[in-house]
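Colleague: I should like to learn how to read strands and chain contacts in a model. May we work through one together?

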Amino acid sequence: MAGKTSQNRAKITCTTCPYCGVGCGVLAGQDGSIKGDPDHPANFGRLCSKGSALGETVDLEGRLLHPVVHGKQADWDSTLDLVAGQFSRAIREHGPDSVAFYVSGQLLTEDYYVANKLMKGYIGSANIDTNSRLCMASSVAGHKRAFGTDTVPGTYEDLDEADLVVLTGSNLAWCHPVLYQRLVAAKQARPEMRVVNIDPRRTATCDIADLHLAIAPDGDAALFNALLAEIARRGAQDEAYVDAHVNGFEAAVEAARASDPALSGLSQDEITAFCEMWIDTPKVVTVYSQGVNQSVCGTDKVNAILNCHLATGRIGRAGMGPFSVTGQPNAMGGREVGGLANMLGWHLDIENADHRAAVQQAWDSPTMCTQAGLKAVDLFDACASGKIKALWIISTNPAVSLPDAGKVAEAIKTVPFTVVTDIMARTDTGDLADVLLPATGWGEKSGTVTNSERRISRQRPFMQAPGSARPDWKILCDVAARMGWADAFDYAGPADVFREYAALSALGTQFGRDFDISGLGDLSEAEYDALAPVQWPVKWPVRKGEPSGGRFFAKGGFYHADGRAKMLPITAPQVAAAPADYPFVLNSGRVRDHWHTMTRTGKSARLSQHLAEPFAQIHPEDAFALGVREAGLVTLTSPYGTATLRALITSKVARGEIFVPMHWTAQFAPSGLVNPLIGPAVDPVSGQPATKGGAVRAEAFGAGWYAFIAARGAIDCKRPYVAKARTTTGWQAEIAGFKTPKDWEQELRDITGLSAADATVIEDSASGIARIALTDADGTIAALLFAAPDPVAVARAFAVSLIGTQTPAFEALAGRPGADRPDPGAVVCSCFNVGVNTLKSAIAEGANTVDALGAKTCAGTNCGSCKPELAALLANQLSKVAAE
Amino acid sequence: MAQRLVIIGAGMAAGRLVERLSLDHAGAYDITLFNAEPRGTYNRIMLSPVLSGEKSYAEIVTHDEAWYSAHGVTCRFGEQVTGIDVGAKTVTGANGAVPYDRLVIATGSSPFIIPLPGRDLEGVIAYRDLEDTHAMIAAAEKPQAKAVVIGGGLLGLEAAAGLAARGMQVTVVHLMGHLMERQLDEAAGFLLRKALTDRGIKVICGANSREILGENGHVRALALEDGRELPCDLLVMAVGIRPNTGLAVKAGIEVARGIVVDDQMRTNLPDVYGLGECVEHGGALFGLVAPLYDQAEVLATHLTGGQAAFAPKEVSTKLKVTGCDLFSAGDFAAGEAREEITLRDPKGGNYKRLVLEQNRLVGAVMYGDTNDSNWFFTLIQSGADVSAMREQLLFGPAHEGAPPLEPYGGRCSLTG
């Protein structure tokens, strides 16, 4: 159990990354330095671009530092009294189900546990759901249907050991870059390893793929049904395993045979090639992620995948198995503590009276929820309809992240009393709250998270809590105490919470469940502090030398009552004809350098430069038909809302499909939110919204003017299109509108607040071109604006680099370096800030491999997240050379 | 035997003509060169640096008497020509007549003197030649001396700056609303005015002069129409020039505003040519040196049997006031079909204006940073279509031929 602690290494703290579900170990220095932890089994020292830039995101700019009640700063005591009073009153007057918590996969396990205990065991409702609903609910439901519990059977080592890795609905290169790099390394070590990437888009992940299957949206079930049918046709199933451990084989195969493979959108040749590869390679891991989960048939897709692994017995053995990769740092921890509205902690079932009774007894609680609570979408519907009288949103941003986000924002406003706990003073959701409570953030809080391979790691503090911010568990306990349950929430610290939670996991094993960390139930403070990353199960009592963790189900041992797994008959969904008014399928997802709603990554200039505005990937032929030009703007409209985004015209998306990233919020780009476009449709089993399955129409935005602004300070601008981003020198914004402002100089002064600065103005009125520099008295450039009737031509990185310098204003307004000064171009490598032009020059000078480029420019040599782009650039440039 | 060529006037155009004939066609002509000034040829444009003390006279001489003599030219310097007999083909000077086979009249121009009362007072001068320059230098030697310059054009401002550099308290009086209105628009004129004011020169625009006041036969002050009196020890008039056509008129040569010449610089009389600031060609007069040199080249070619024709080109001007870099070229009047690209940088003291017509650069004005002026001048002269480079045109040759920015990376904030 001995591990590293902050005491063991001077000024270096071992902690865990707060971003995706890979759960990488991070060494954080008090000087702000960030390194991958070479000893952490999730990453062995690697970090992605986001993790590497963590040091840039812990500043206090924009932090919420004190409680706020109705817009006014307040003290903790009165605010906690207010919150407890309002919740108690709602419960008293309208019953326990009139209150709700909406929490987050970014909460630490200890926070999560306390929130669940309060809601389910003391308030007596299960109206606590989490943003993990948007991410993992279909996997949870699929796991439970197949295995009887929500169990991830494998470990990351399976990716090293597999001979075939199938990635479906997973842009691993951008969304889980460290796992991707692990896969790249494995493939380099064993070139015979093959990778199939199943994705409607040609993503960066295709760089490693031997085969890319550009599947139709939601075509996964049809494809895996085809695979199951082919397994059965060839007799490739593991008869012994199925006989011993699996129910439902025949029915599942029958359904698979009835399924039309063409619904996958793939050709027969592609399907055959995939099936042959999969069936002929025993060591196969199928990695799946949000592309599978975020769908109206997400749970069925999960089970279609699990069916194939169960039928062949390829599960729970080295290099084999289905592998759900989660999107949040503690999505798994949330699932373990029962963070979703339809479960209890320790993988116990809310519907099971024995389970409920056992939990109530363990908690010694006065009441207990009796049924599943409201799932995310239903929860906000209940807000809208007035059923919810008091709502507490913790560490998440549903006004942006939920589908039909505009309606969600309205729903939040409808709730008589809304509390938002966050680290940031301004979020789209916080802006709607009655009460804001300041939480501690990453680097300040202490607790545990569980990653995608069931590994529990410590998040350790290395900074003081700023202002009067408090840990979430503490805030929850303080409110619980004021609601009358002081004894049950009288924890001395996170270790105290963890001990109770871990010890009670014996409850799960008592009911034959998988989740067991009872071995950690008696950790001392020092042991908790020193806890090394540990994979569950950790049985009690811990015996020295007895390994914890490992894989599940190699020899059966499922958690349905009969101990057997279930294969499910899956009907592939019919592809409904696109509605004439909304002919495009809208897909959404992440970009390489941002995470969720940018409250953290948006602070980092490095991370903000790669893709510094919200965009819509659209096929060239569609763009042409719509009259949308390269770098122009496109407006998407659905029955639920509208968005205006930069058109990224690329054949990486199929015709008829549009991809929009999910990160942008009103704080950065008010017109650039994707979720207001997405309908509230959910998977009927998991309740997970289909955030990758929108339907929109697209039109050219018809801008009369476009402008780019770089400024030292904040940019405050209301225009039809605004997209702000941090830069190394301050802020930048892309803006556009219809009617050209009369006085650009005044416009820039208003936007930047630089009313007294000196102005240098270039105007070509006939061409509609204007360029303005605002400078300090000593000639330091404070802001630059470039406006044109077309998407404005400026070397952005160059313009940004001039802010704060005393470059002559006229020179700066050229917007690009002259002949004597090279333009590095748009940033490709965020870690070393290497631009595309620098890379092109290096290629021209003979760097003809990714490694050679790295040696020459450093690009890709830190986190490696940009390596797929380097490879694509190389292919592109070298083919140009060959053609010349 | 060589033909006899007589040239009246040894200004810059004549100097260039003799140089061409002497160097490229030595012996073709037996040249006699009259000059009213008692010296050879100097670069008149550089009188301003002489005035300001940045250059000496010796540094601006281009062809002195020794040079002419060495090239076989008979110099009649300091000798006023009194008449031309086109019938007898002779030119008469104070020291006698000279016969010619061919005659070039290059009498230049004289400053225009505003017919103000008091214009004959001592201390009232124009700014034209070395004598004027010396007079101004002498006037500046008196401590606390004051000067008024009438005329806020190129020459007047150079005079003002030169006098200020020599320690005089200088006031520029300009009739129009802003300085150098023929070259500059109001914004640039404002910058120029500010720069001059910064170096202690007082500028009064929109001012009508009423009278020059004197004392003991010497100028004392300039009185303006509005009643203001500007005390001065020296009054310089720099309000324009007039071609010197008196000799030609007397000789019966066709004269309009200037001596009328054709494309080969021929007057209406056989073997008589006009050259330089005294001529009128196609209705135009010439006050800048570049077209005069062109005329000299054309005439040299013609006189030696070659084919050449004079065609006026766009001209450029530069204000030679140290620290006030100003350049203008081409035609920069506003017009219906004209489009403008402007830079306003009052703090940095920079101003640029490009005037385009039908995608071609037709005029350029720059104040402050004039480093790229020659490049723009070449563009005006070539008449090249600039539409492809319009976005970056103002930024000059450092941005010429740069590849257009790509849509992704260069026209939005997305990496492609």
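**Reading sheets and contacts**

Modeller: Strand E18 (residues 455–459) of chain A pairs with E19(A) in the antiparallel sense, over 2 bridges. Here, strands (E, at least two residues) and helices (H or I, at least four) are DSSP runs, numbered from the N terminus, and two strands pair if DSSP finds at least two bridges between them. Within this pair, A:Ile456 stands opposite A:Val534 in E19(A).

Colleague: How should the numbering and the origin of the model be understood?

Modeller: Residues are numbered from 1 along each chain as its sequence is written, while chains are lettered from A and ligands numbered from 1 in the order in which they are written. This is a predicted model, in which local features need pLDDT of at least 70, side-chain atom pairs count only at pLDDT 80 or more, and totals for chains, interfaces and linings use all residues.

Colleague: In what order do the strands of the open sheet that holds E18 of chain A stand?

Modeller: Strands of a sheet pair through backbone hydrogen bonds, either parallel or antiparallel. In this case the order of the 3 strands is E17-E18-E19 (chain A), and the pairing is antiparallel. Strand E17 (447–450) and strand E19 (534–535) of chain A are the edge strands, each pairing on one side only.

Colleague: Which strands form the open sheet E6-E7-E8 in chain B, and why do some have a side without a neighbour?

Modeller: That sheet has 3 strands with antiparallel pairing. Strand E6 (81–85) and strand E8 (96–99) of chain B stand at the edges with a single partner strand each, so one side of each has no neighbour in the sheet. E6(B) and strand E7 (residues 90–93) of chain B pair over 4 bridges, and B:Gly83 stands opposite B:Thr92 in E7(B).

Colleague: How many residues of each chain are in contact?

Modeller: Two residues are in contact if their C-beta atoms, placed from the backbone, lie within 7 Å. By this rule, 40 residues of chain A are in contact with 28 residues of chain B. E30(A) gives the most to the side of chain A that touches chain B, with 6 residues. E30(A) also pairs with strand E25 (residues 338–345) of chain B in the antiparallel sense over 3 bridges, where A:Ile762 has B:Leu343 as its bridge partner.

Colleague: What confidence does the predictor assign?

Modeller: pLDDT is the predictor's confidence in each residue, from 0 to 100. Chain B averages 92, and 100% of its residues score at least 70. For the complex, the predictor gives an ipTM of 0.88 and a pTM of 0.86.
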